[in-house]
Amino acid sequence: MTGPVVVIGDTLLDRDVEGVVNRLCPDSPVPVLDETTYVDRPGGAGLAAVFAAAQGGEVALVTGLADDAGGARLSSLLAAAGVQLYALPLVGATPEKIRLRARGRVLLRHDRGGSPGEPGNPGEAVLRLIARASAVLVSDYGRGVARQPALRAALAATRAPVVWDPHPRGPAAVPGVHLLTPNESEARELAKLPPGASRLVTASRGAQTLRQRWRAGAVAVTLGGEGALLCHAGSTPLVVPAPASAEGDTCGAGDRFATAASLALARGALVSEAVQEAVAEASAYVAAGGVATALPQPVRAAPPTVVGHGGDRIGAAAAGAVVAEVRAAGGTVVATGGCFDLLHAGHVATLQAARQLGDCLVVCLNSDASVAGLKGPDRPVVSQGDRSRLLAALSCVDAVMIFDEPTPDAALSWLRPDIWVKGGDYATGGGDETLPEAEILGRWGGHTVLVPYLDGRSTTDMIAAARSGRQGGVPSAAGPGATVIRSTAEGAR
């Protein structure tokens, strides 16, 4: 593979809620589920991208993300799985699918998020990404990304093999795709076939109809535990049986099939070879326990991205609301980030300068765990709750969101600011400074800038001075300010 595997489609936030049922509801004859645990994961195209990333190699996801806490959570989960996120702005709420489970069985699925919103236009970086892909998987969940005109034009122009996993509520595939991968019910509905025929006959007719109607190279109709039926050039279909019959949770099996086929085509496999590999992968996936056991550990165990600490300017919901309002008015979104441990004049100067560059300023704040990982177990001196409140109290700050990762990459992929600002102390003085966040900002046409920084202000020096009792950079040890700083630092040891 010479380029990335690119997944394009609708991403949902999936949540499995596990619990126990010991009683019925007193006002209705339904079971009461007492929740014990829950697990969040990317769903839809996001799940396909996670599957692909788990196989190694470069994987990029082009999808719509809403300006809400669900969008922030998805960005964090995808970053933890090693997926490069190219997010399109999405009007409305993040679609969520919640499965209520007891003893491994699903009692109820609860969907929320409302009608699908219209995804925004992709930037030039997304179009270049598709052009250099080694394979493209379109994972359509009927929420609009596969309808985006600029994306469809790029898909029609790419030389990479394209696998299209269709949805009955989605659009027709772009003409000329290498492989369509509907399941049998999707094939029957998309081809508008009457009931009554056997499974193999229905799958064969559906595959032939879709291949001709959408001018696809081949169609593989998945048949659950019976494998798949492949229809390509010629009148006789190829039946690919599953290596062994397996029962279990089939959630995500179709995504696993389409992902495996895409990866095989990216390596240069024939379509028939890719389908055989995909059947084997999907069968093994179900036999091993499905999505509950297949995801890499960081995705299953990733902590919540954003923690709210009170106040209407702190948290993902607050940041998303500010960004959405400014974007709707055609304004410029500015963001900056850091630990901001012991807020000082240098921090304030940077924040004030950043705010002047646009119409809002969102601060991405390292969580306590993130600070400790970067600076050692004695940091932070001030907890994330207090740090976020102090920042939110500044008139130049419009919102604060807290992230747990070492870098703000996931938060930036969700916020998509027009400008990312760092203080001038990051400059080397050589005139060719490039911030590490520049590549991510370039995915949506954003820019990184430096602003002047007040010399002689350093949180690390302030803490060291306070702990040693010196008078450089902090109030005198005899003053009340020094007493507060020293007692706080000693308490953090």
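These legends go with a set of close-up views of a predicted model.

**View 1. The whole chain, before zooming in.** The protein is built with 18 helices and 18 strands. Of its 493 residues, 51% are buried. Take the contacts between residues at least 6 apart in sequence: 70% of them join residues at least 24 apart. On the outside, the protein exposes about 21300 Å², and 53% of that comes from carbon and sulfur atoms.

**View 2. Strand S4, wrapped up by its surroundings.** Here we look at S4, which covers residues 59-66. Eight of its eight residues are buried, so the strand is largely enclosed by the rest of the structure. Side chains in a regular strand alternate between the two faces of the sheet. In S4, Val 59, Leu 61, Thr 63 and Leu 65 point one way, while Ala 60, Val 62, Gly 64 and Ala 66 point the other way. Whichever way they point, all of these residues are buried.

**View 3. S4 and its partners S1 and S5.** Strand S1 (residues 5-9) runs parallel to S4, and four bridges join the two. One spot to look for is Val 7, whose bridge partner in S4 is Leu 61. Strand S5 (residues 84-90) also pairs with S4, again running parallel, this time through seven bridges. For that pairing, try Val 62, which has Tyr 86 as its bridge partner in S5.

**View 4. From S4 over helix H2 to S5.** Follow the chain on from S4 and you get to helix H2, residues 69-80, and then S5. Together, S4, H2 and S5 make a β-α-β unit, and a right-handed one.

**View 5. A nonpolar patch on the surface.** Val 21, Leu 107 and Leu 108 make this patch, which comes to about 250 Å². Leu 107 is found in strand S7, residues 105-112. With a relative accessible area of 44%, Leu 107 falls between the 20% and 50% cut-offs, so it counts as partly exposed.

**View 6. Ser 204 in helix H6.** Buried or exposed: which is Ser 204? Its relative accessibility is 17%, so Ser 204 counts as buried, the cut-off being under 20%. The residue lies in H6, the helix that covers residues 199-213. Leave aside the neighbours within four places in sequence, and Ser 204 is in contact with Leu 229 and Pro 237.

How values were computed:
Residues numbered from 1 in each chain as written. Predicted model: local features only at pLDDT ≥ 70, side-chain atom pairs only at ≥ 80, totals over all residues. Heavy atoms only, no water. Buried < 20%, exposed > 50% of the residue type's maximum accessible area, 1.4 Å probe, protein only. Pairing = 2+ DSSP bridges. Right-handed = clockwise from strand over helix to strand, strands pointing away. Patch = residues over 30% accessible without salt bridge, like charges linked within 9 Å, V, L, I, M, F, W, Y side chains within 5 Å. Areas by Shrake-Rupley, 256 points an atom, 1.4 Å probe, with all protein chains shown as cover. Salt bridge = Lys/Arg side-chain N within 4 Å of Asp/Glu carboxyl O. Contact = heavy atoms within 4.5 Å.
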